[in-house]
Amino acid sequence: MDIDKLLYIDRRIIYLLVAIGALIPIIKPIGLPVVPTDPVQGLFDKVESLGPEDAVVISYDYGPSSEPELNPMSEAILRHCFTRRIRVMIMAIFPLGGVNMAIRQVEKIEAEFPGLVYGDDYVNLGYKDGGQAPMKAMAVSIEEVFPTDVEGTSTDGMPIVEEIRNYDDVALVISLATGIIGEWWADLVNAQFDVPVAVGCTAVSAPKYYAFFRSQQMIAVLGGLRGAAEYEELVKRKYPKIAATYEKPEQKVISATTGMDVQSIIHVIIIAFIVFGNIMFFASKKKGRG
Amino acid sequence: MEATGVSIWVWVNAFLTLCILSFLYKDNPFFRFAESLFAGMSLGYYIGIVTVQTLQPNLIAPLKQSFTANYNFLLLIPMALGIMLYFRYIARVAWVARIALAVYIGYYVGVLMMQKIHGQVIPQTRDTIMPITTGGIDALWNILVIVGVFSVLIYFYFSIEHKGIVGKLSRVGIWFLMISFGASFGYTIMARISLLMGRFSFLVNNWIRPLISG
Amino acid sequence: MSRFYIFPALILLLAVPWSVYGQVEPGAPVGSLRAFDTPADDGTGVTLEWTGEGEFPIRVMRSTARLGDYQEVSEAFAFDGSYVDRSVDRGTEYFYRLEYVVGTDTLVTEAVGPVAAVGNWFRTYRVVTLVGTIVMFTLVIGFVSVARQGRELYIRKISGLNAINEAVGRATEMGKKIMYIPGILSLSEIQTIASLSILEHIAKLTAIYGTDIEVPNKDPLVFSAARETVKQAYLEAGKPDQFKEEMVTYITYDQFAYAASITAKMVREKPATNFLIGSFFAESLILAETGQAAGAIQVAGTADIPQLPFFVTTCDYTLLGEELYAASAYLSREPVLLGSIKAQDIAKVILMAIMGLGIVMLAFGSDYIRTILTTR
Amino acid sequence: MRRTIPLVLTFVVGMYPVFAFFVPHNVISNMNQRLDTYLVIVAAFALPLGVVNLVGMNLSKIKQKKSGWPYSIVLLAGLAVMAYFGVVGVITGQYTGFHPTFEDLFEHMVSPLQATMFSLLAFYVASAAYRAFRARNVEATILLIAAIVVMLGRIPFGDMLTGGNMTPLSEWLMDKPNAAAQRGIIIGAALGAASMSIRVILGIETTYLGKGE
C-alpha cells in the first residue's frame, strides 16, 4: 500500500462522503439532544424578563442564502416573544431579500397566534435602505424612518408605532444577521444609544462576536444552527405549548434540532478524515526516516 | 405551469442546482452554462435593484415630486458626482473623475475611522481591564485573556525585532491566534453544512419526493 | 467618579442647560420639577427631572403657554425621577407640569418653563473618543514628519512581503499569469484602499518582469480605480506599451456569481499565483480552496477576522489584520508612510499601558479607568 | 489643480463625519444624514462602468469567435432579460416596485444559483480541514486540537461521547483564548485602519487617485 498516495487522496472522495452524510438525516431524522450555552441563555433570560409592557425590535438582516441557519432561530424567537405577548417591531436592513425573510417568517408564525393584533401587538415595518443611516435615525423617531409598514399602510395611528417612539422605548434589539450588519447594531446602536442588543448570526461571525459578548456590547450571541437548536430547546422546555408545535411533521423537517443530526454526521466524517490524515502523515514520516 | 405535479420552476431550480454541484466533479459544459448565466443574470439583477431601491426612491422620485421642497435640488450634487465618474472615458478630462472618488472615499474613511476608534478600540480596551485578584478560577481565566490580548498585540508590534522576551511573547501570541483560528474554523463548519442541508432538503423534499409520490 | 467628571463638566459649562425650578408642594408625591434642554443632543429633547418615591403613577403634561391647554406627553411613575420628551419641536418654548390622582382629585404641580430644545455643540460623553482621535492624528502626523526629515525609522521585516515578491517571481519563472483579487467591497472600505496600494507594487513588478497579470473585479468603483492603478504602475515602470485593457476586468456585482466566475478561471487558466487581498466574506474559502486545488501559490491578506482561519489553512502566506495595512504602507515605497506604522505601534503601547494601569487600579479597588472608557 | 482639488475635497469631506461625531447640533447632523444617502447615489452611478466593460468584452469574444463564445451569448442574454424586467417598472411607471417576472426569475434562478454556489463551502471546508489539520509543528498542532475540540463541542454527538463535557470545553475555548486573540486582532486592525484613514484624509496616501496629472 502506498502511504503517500493515501496522504493525497482525491478530494472527490471527501465530497462524496459529505454529500451522503447530508442526505441520510434529511430522508430520515434521528433527533439528538443539545445542551444550551451561556451566550444563548442570555437572550432567553432577557426575553423571559420582558412582558406585554415591553417592546422588542427584530431586524431581519439576512438573505435567502442564510435561511437554513437563521430561519429556525427567527421562528423560535418570534414564538417566544409572541407567547409572552411582548410587543414586536419587525424590520429589515439587509438589501438583498431581508424583507422577504421578514414577510415569510411573520406570515408563518402569526398564524399560530391568532389572538395578537397587528399594529398593536406587532408590526412589520419592512425594509429601509441606507444601512447605518436608518439605524441612527431610529434613535430620534421610528415613525419617521418607517412612515409606512411593509404593505405600504401608513404607520401613523398604529398604537405600537405611536407608543414605541425611539430607542428609549425599546427594551431590546434582536438582529438576525449575516455579514457585518449584526456588528453595526453593537458598535453603533448599542455603543451610541445604549440599547441592549442581541445578535443571532451565521456560525461564521459568531467567534468574532464572542468578543462583543464578553464586553456586553451584545447581551447574547446565537451562533448558527447550533444556537438556534439551543434556543429551540430552551423555549420547548419552558413552554410545552410551543414544544407541541415542533412535533408537527411539517415543522420537524426543517427544525434546528433535526438539522443537528446532519451536523453530527458530517462533523464526525470530517473528524475521521482529519484523524486518518494525521495517521497517514505520521506513518509516512516514519517510513521516510526508515 | 404544473408538469408532473412539480412546477416548472422547481425543475429549473433543481437543474441549476445540479449544474453548479457538478463542478465538484470537474469543470464541464453544464457548470460553464450555469456560471455564465449566473454572471449575466446577477448583474442584471443588481441593475434592477439599484434602479428601484436606490435611484428611484432617493433621486428620481424626490426630484420629480418637487425641486425645491426639502432642499431636493441638493440631490443634483450626488448626481453630478455620479456623472463625473464617466469622465474616465475622455482622456483630456479624465482627472475630473477623481473628484467623485475623492468625495466618496473621504466620507467613508472618516465615518469608518470614528466607528473603529469609538466602537472597537475603546470598548475592547476597556473590557480587557478585568479583576485579577478576586480569587477563584475566574481570576485565572481573566489573567489568561489579558495575557492573550497583550501577546497578540505584541505579535503585531512592528518596531522591534521579535527576539528575546518580545520574541517569546509574540510566539505566545501566535499560539493564541492558532487556537482562535482552529476554533473558528471548527465552529464555522456548522454554518457551511447548514447551507448544503438547505439545498439538499430542497432537492429531496420539493423535487424528488413529489415526483415519487406522484 | 467625581474626578472624572471635572473635564466634561468644564465643557458643559459652555452649554449650561437653562433650567427652571418648580415649587415643592407639601405632602405631594412628586416635587422639585425642573425642565431643561437635553444637553449634548441635536435639539430634539427636553429633559424633566423631579423628586418622588414609590410606584405612584403620574402624567407628564405639556403646553405652549403657562396658562394654556396642557396635553399629556407620557405616563411615568414618581420614582422614575426623570423623563426625556423627544416629541418636541426644535426651538419652540414649552411649559411642563406633572399630573397625579389622589383619591378622586386630579392634582397638578406648579408649571415650569418656558423651556426650548436647542441643538448643542459638543457631545460631552464622547470626550475620551475625542482625546483618542486627537492622539491618533498627532501620532501619525508626528511620525510622518519625523520620517520626512529623513530620520531612519526601524521597522522589522514583515515576512508576508517576501512572500509577495517570491510569488511574483514564481509566476515569472513558470511563464504563467498572476491573478489579483482585490476583495469584494467598494472603495468605501479601508481594506480595499490598502489593497490597491499593494496592487500598485505588484503591477510594477509584473511590468518589470513582463509577467501577465489579471485583476477581475466585483465592485465597479474598484474596477475603475484598479485599472488606473495598474496603468500607472506600468507607466512608472517604463513599460506603458505592455499595459493591456484586459488586465483589469469587470465580472459581476454578485458575491457568489463573482466567486463562480473566478473559480472557473482558476481551473481553466491555471494561474501560477493568486493574490487574495482586501475585504472578503464567505467566498474566501471557495476562491482559496479552488486555487489551492489548481496548484497555485497563494498570498492572502484581510482584516475581515472571520475569514482569516480559511486563508491561513489554504494559502501559502496570509497577511493578518493589521499586517495588511502595514504591508500597504511598507510597499508604497514612500518612506514617510513608515511613520504611520510607527504611530500604530506607539498607539498599541499606549493602549497596553492604559490596560495595565486599569488592571492594577482595579486590583486595588478603583474602577476609575474602566469608568472613563465607557462609551456611548 | 488636478491633484489639489481632489485632495482638498478628501480632507474636507473626510473631516466632516469626524466633526459630526462630536457635534450633535442639528445643522451638522442634518447634513450628515443627507451625505449618507448622497453617496449611495454616487455608488449607483458607478455600476454602468462595470456593465460597459463586461458587455464590451463579451461582444468582442463573440465577434472573434474566441473559445467558449457561445457562453458569452448566455451571459449577455441573462443580463439583458434580467435588466429589462428590473428597470421596466421604473421607466414606464407601471409598477412601483419590481415586475413580477423579475421576482420570479430571482427566486427560482438567481437565488438557487447563489445558494448552491454558497453551499459548495460544505465540501470545501471538509477538504481544507483534511489537508490543513496535520500535526506538522507546534502551531499546526494547536490549530488542529482547537478545531477538533470545537467541532465535537458543537454537535450533540460530542457530548454523548464525553458525558456532556465537550460543550463546556469548547465554550471555554471560544470564550477565553479565542476571544482574547480576536480582541487582539480587532484592536490591531482597528488601529491600522484608523492610521490608514488618517493618511488618506491628510492626503499622504494617494494610490486610489492614480498618480498622473
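Two strands are said to pair if DSSP finds at least two bridges between them. The legends below describe close-up views of a predicted model.

**View 1. Strand S3 of chain C and the strands that pair with it.** Strand S2 (residues 30–37) of chain C pairs with S3(C) in the antiparallel sense, and six bridges join the two. Within this pair, Phe36(C) is placed opposite Thr47(C) of S3(C). S3(C) also pairs with strand S6 (residues 82–85) of chain C, again in the antiparallel sense, over four bridges. Here Val46(C) has Asp85(C) of S6(C) as its bridge partner.

**View 2. The two faces of strand S3 in chain C.** In a regular strand, side chains alternate between the two faces of the sheet. S3(C), which covers residues 46–52, shows such an alternation of side chains. Val46(C), Leu48(C), Trp50(C) and Gly52(C) point to one face and are buried. Thr47(C), Glu49(C) and Thr51(C) point to the other face and are not buried. Thr47(C), opposite Phe36(C), thus belongs to the face that is not buried, whereas Val46(C), the bridge partner of Asp85(C), belongs to the buried one.

**View 3. Chain C as the setting of these strands.** Chain C contains eleven helices and 15 strands. Its radius of gyration is 31 Å, well over the 21 Å that the globule rule gives for 376 residues, so chain C is more spread out than a compact globule. Along the principal axes, the C-alpha atoms of chain C fill a box of roughly 95 × 45 × 40 Å. Of the 376 residues in chain C, 54% are buried. Among contacts in chain C with a separation of 6 or more, 65% are between residues 24 or more positions apart.

**View 4. The two domains of chain A.** Chain A is divided into two domains. Domain 1 is made up of residues 3–29 together with 262–289, while domain 2 spans 38–252. A distance of 38 Å separates the C-alpha centres of domain 1 and domain 2 of chain A.

**View 5. The contact between chain D and chain B.** Chain D contributes 97 residues to this contact and chain B contributes 95 residues. On the side of chain D that touches chain B, the elements giving two or more residues are helices H1 (4–22), H2 (26–63), H3 (69–92), H4 (100–132), H5 (138–154) and H7 (166–201) of chain D. H7(D) gives the most to this side, with 22 residues. The residues on the side of chain D that touches chain B comprise 76 nonpolar, 15 polar and six charged.

Methods. Residues numbered from 1 in each chain as written. Chains lettered and ligands numbered in written order. Predicted model: local features only at pLDDT ≥ 70, side-chain atom pairs only at ≥ 80, totals over all residues. Rg over C-alpha atoms; globule rule 2.2 N^0.38 Å. Buried ≥ 20, exposed ≤ 12 C-beta atoms within 10 Å, placed from the backbone. Contact = placed C-beta atoms within 7 Å. Domains from an automatic or database assignment. Nonpolar A, V, L, I, M, F, W, Y, C, P; charged D, E, K, R; others polar.
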